[in-house]
Amino acid sequence: MATTTGTPPPKTNRVGLTVVDYRGGKTTLCAGCGHNAISERIIDAMYEMGVPPERVIKPSGIGCSSKSPAYFMGRSHSFNAVHGRMPSVATGAVLANRHLIALGVSGDGDTASIGVGQFIHLMRRNLPIIYIIEDNGVYGLTKGQFSATADMGSTLKTGVINDLPPIDTCAMAITLGATFVGRSFSGDKKQLHAMLKAAIAHKGTVMLDVVSPCVTFNDHEGSTKSYKYMKDHEEPLQEVSFVPVFEDITVRLRLRKLEEEYDPKNRIEAITRLNEAHENGEVLTGVFYVNPEAPSFVDLLNMTEEPLATLPESVVRPGREVLEQVMEELR
Ligand SMILES: Cc1ncc(C[n+]2csc(CCOP(=O)(O)OP(=O)(O)O)c2C)c(N)n1
Ligand code: SF4
Ligand SMILES: [Mg+2]
C-alpha cells in the first residue's frame, strides 16, 4: 500500500517490526573488522525470524567481539560480563527467565583462554543459548597477541611464529554435549545467515565458531585467519538453507551435501571429519553436528513454565512451616 506521499511503507516482519528496529549503536570497531559483518547477519536473521527484540538477552565477555552486542539489537537486554565469564551470566539469566532468547557473544581469547572452564561446563548442559565465538586467532582488543585458536605455524605481523597447536572449539563443543555445532566465516554472507536462522530455532546449546578476520592485527600473509586465507581454504561441508515453520517450531535445516554423504547426527563422524580437515589444511565450515531431541537444561531441571522472575513472592518464598522444617533437619 502506498502512502499519501507515494513512498511505499517500510517492509515489516511477522511481529510488525522493520529491520531498523533490530539495529544497535554505531560501531566503534575498525572498518572492515569481521565482527561488524557478523552483527549485520545477526540483525538480518533476527528480523527475518520475527524475534521480538525485548525477548533477547545478549550477554558477552570482554574483547572487541564482546563489545559488538552494543552494535545490534538496541532494544534487547545486554550484559557485558567479566572476561571469560559470560556463561555464568547467561546461565543465571536463562534460569531466572526461561522465556528469554539468549545470544551470547564471545571471542576466541574470551572463550578458549581465560573462559575455557566456564565454556566447558556450559557446553555440557544444553542450556538454550546461541553461543557465538567471533574467532580471529588473536586478542584484538589488547593489540594482537596469539590466542589459543591460532593455528600452529601462523605468524604475527612482527614475524613471531605460533608453535602451539590450536584448540578446536567445535570439536570440543561436540565432545562435551552441545547439540548444534558449526563453523562459518564472517565473509560467507549466505552460509552464516542460514546458520543463524537455524540456530534461533534450535532448543538447546548452539555453538557457532565464526572465523572473523581482525584487519588491524591478523590479516597479513602468514596468518591463517585472514580474509585471503579463508577465501582460499574454506571448505563448505554442505550448502545450508533453512525454512522456518512458525506453527511447528522444529528445526527445518536443509543440508545439501556437496562433497560426500555426511550425517550431522553422528558425533564421531563430525569429530573425525574435523580432524581430517586440520590434517589437510582445510577450514571446514558448515553444520557439523545437530541433535534436536536432547532435553535442554531447563527441561532437565523440571522448571515451571512461568519464569522464576515473574512468579509472585507467595509462590517462590517458602512458608514459615517449611523454613522451620529445614532448620529442624539441620539441627
Ligand atoms: C581478567 C582480565 N584479564 C585480561 C584482560 C585483558 N583483555 C581484554 S580483552 C582480552 C582478549 C580479547 O580477545 P578476544 O576474546 O579474542 O577478543 P577480540 O578482541 O579478538 O575480539 C584480554 C586478554 C581483561 N580485560 N580482564
Ligand atoms: S582490533 Fe581487530 S578485532 Fe578489534 S575492532 Fe579492530 S579489526 Fe576488529
Ligand atoms: Mg580474538
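I take contact to mean heavy atoms within 4.5 Å. The model I am reading is predicted.

**Entry 1: Val211**

I began with Val211, which lies in strand E8, residues 205-211. Leaving aside residues up to four places away in sequence, I found that Val211 touches Asp135, Arg183, Ser184, Phe185, Ser186, Lys225 and Met230. Its relative accessibility is 2%, so I entered Val211 as buried. I also looked up the pair Val211 and Pro312: these residues are 101 apart in sequence, and their C-alpha atoms are 44 Å apart in space.

**Entry 2: the magnesium ion**

Next I asked which protein atoms are donors of the magnesium ion (ligand 3). They are OD of Asp108, OD1 of Asn136 and O of Val138, lying 2.1 to 2.2 Å from the ion. Along the chain, the donors of this magnesium ion follow the spacing D-x27-N-x1-V. Asp108 belongs to helix H4 (residues 108-114), while Asn136 sits in the loop between strand E4 (129-135) and strand E5 (138-139); the pair therefore ties together parts that are 28 residues apart in sequence. I checked burial for these two donors and noted that both Asp108 and Asn136 are buried.

**Entry 3: helices H6 and H9**

I then turned to helix packing. I recorded that helix H6 (residues 169-176) and helix H9 (residues 267-279) pack at an angle of about 165°, and that their axes are 10 Å apart. Angles over 145 degrees count as roughly antiparallel, so H6 and H9 are roughly antiparallel to each other. The crossing in which H6 passes H9 is left-handed. Which residues meet here? From H6 they are Cys170, Ala171, Ile174 and Thr175, and from H9 they are Arg267, Ala270, Ile271 and Leu274. Sorted by class, this contact of H6 with H9 has 6 nonpolar, 1 polar and 1 charged residues.

**Entry 4: helices H1 and H7**

For helix H1 (residues 34-49) and helix H7 (residues 189-201), I noted axes that come within 9 Å and cross at roughly 50°. That angle makes H1 oblique to H7. H1 passes H7 in a right-handed crossing. On the H1 side, I listed Ile38, Arg41, Ile42, Asp44, Ala45, Met46, Glu48 and Met49 as making the contact. On the H7 side, I listed Lys189, Leu192, His193, Leu196, Lys197, Ile200 and Ala201. The residues of the contact of H1 with H7 divide into 9 nonpolar, 1 polar and 5 charged.

**Entry 5: positive phi at two asparagines**

I looked at backbone torsions next. Most residues other than glycine have a negative phi. Asn126, although not a glycine, has a positive phi of about 55°. I located Asn126 in the loop between helix H5 (116-125) and E4. Asn302 is likewise not a glycine and has a positive phi of about 55°. Its place is in the loop between H10 and helix H11 (313-316). Are these two asparagines buried or exposed? Asn126 has 4% relative accessibility and so counts as buried, whereas Asn302, at 66%, counts as exposed.

**Entry 6: Ser296**

Asn126 led me to Ser296, since I found it among the contacts of that serine. Beyond residues up to four places away in sequence, Ser296 touches Arg125, Asn126, Pro128 and Lys203. Ser296 lies in the loop between strand E12 (283-290) and helix H10 (297-300). With 5% relative accessibility, Ser296 counts as buried.

**Entry 7: Thr155**

I found Thr155 in the loop between strand E6 (145-146) and H6. Its relative accessible area is 18%; the limit for buried is under 20%, so Thr155 is buried. Not counting residues up to four places away in sequence, Thr155 touches Phe146, Val160, Ile161, Asn218, His220, Glu221, Gly222 and Ser223.

**Entry 8: Glu234**

My last look-up was Glu234, in strand E9 (residues 234-236). At a relative accessible area of 16%, Glu234 is buried. With residues up to four places away in sequence left out, Glu234 touches Phe185, Asp188, Gln191, Tyr229, Val283 and Thr285. Phe185 is also one of the residues that I had listed for Val211. Finally, I noted that Glu234 and Ala194 are 40 residues apart in sequence and 17 Å apart in space, C-alpha to C-alpha.

Terms used:
Residues numbered from 1 in each chain as written. Chains lettered and ligands numbered in written order. Predicted model: local features only at pLDDT ≥ 70, side-chain atom pairs only at ≥ 80, totals over all residues. Heavy atoms only, no water. Donors = N, O, S within 2.8 Å, 3.2 Å for Na, K, Ca; no water. Helix = DSSP H or I, 4+ residues; strand = E, 2+ residues; numbered from the N terminus. Buried < 20%, exposed > 50% of the residue type's maximum accessible area, 1.4 Å probe, protein only. Axes fitted to C-alpha atoms, helices over the stretch in contact; angles between N-to-C directions. Parallel < 35°, antiparallel > 145°, perpendicular 65-115°, else oblique. Left-handed = near helix turned anticlockwise from the far one by under 90°. Nonpolar A, V, L, I, M, F, W, Y, C, P; charged D, E, K, R; others polar.
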